[in-house]
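Thank you all for coming. Please take a moment to look at the sequence and the model before I begin.

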Amino acid sequence: MRARYRQALADAASALADATAGATDADARTAMAEISAQLSAYTGLVESARANNLQGFPIGSAYLREASSLMQTALLPGAERIYAGNLATLDEDQRAVGSAPIVGLVLLGLVLATI
């Protein structure tokens, strides 16, 4: 279980770094910076819970609840905003590619008309 958790954190950090490197939008970069800070807070809460649980203190469950709350109220909504922004940008790009090349067709018509 611990190995999967560590691997998931490494994957999340790697994906966040890749996404930040490719982001040109200031809003997306801001959202990614917030997620990065919150991811650190999340891991801190989980590690605090683990340490308290290992010592047999019941407070560990409170740390896990707080980590879960942080994930649901901050990390996931932030990731959803980034995803929605990227999806909108992709949609705009696809529409631009799929539109008729009006200028090219007009120029082609002018060339054919002069021949």
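I will go through how the helices pack, and then turn to one residue.

This is a predicted model, in which local features need pLDDT of at least 70 and side-chain atom pairs count only at pLDDT 80 or more, while totals for chains, interfaces and linings use all residues. Residues are numbered from 1 along each chain as its sequence is written, and side-chain values use heavy atoms, with hydrogens and water left out.

Two packed helices are described by the angle between their axes and the distance between the axes. Helices here are DSSP runs of H or I with at least four residues, numbered from the N terminus, and axes are lines fitted to C-alpha atoms over the stretch in contact, with angles running from 0 to 180 degrees between N-to-C directions.

Let me start with helix α1, residues 2-22, whose axis comes within 10 Å of that of α2, crossing at roughly 165°. That makes α1 roughly antiparallel to α2, a term for angles over 145 degrees. Among the residues of α1 that meet α2 are Tyr 5, Leu 9 and Leu 16, where contact means heavy atoms within 4.5 Å.

Next, the axes of α2 (residues 26-54) and α3 (residues 60-98) come within 9 Å, and they cross at roughly 165°. The helices α2 and α3 are therefore roughly antiparallel to each other.

Finally, is Thr 30, which lies in helix α2, buried, partly exposed or exposed? Thr 30 counts as partly exposed because its relative accessibility is 43%, the class between buried (under 20%) and exposed (over 50%), using a 1.4 Å probe and protein chains only.

Note on methods:
Helices (H or I, at least four residues) and strands (E, at least two) are DSSP runs, numbered from the N terminus. Angles under 35 degrees count as roughly parallel, over 145 as roughly antiparallel, 65 to 115 as roughly perpendicular and the rest as oblique.
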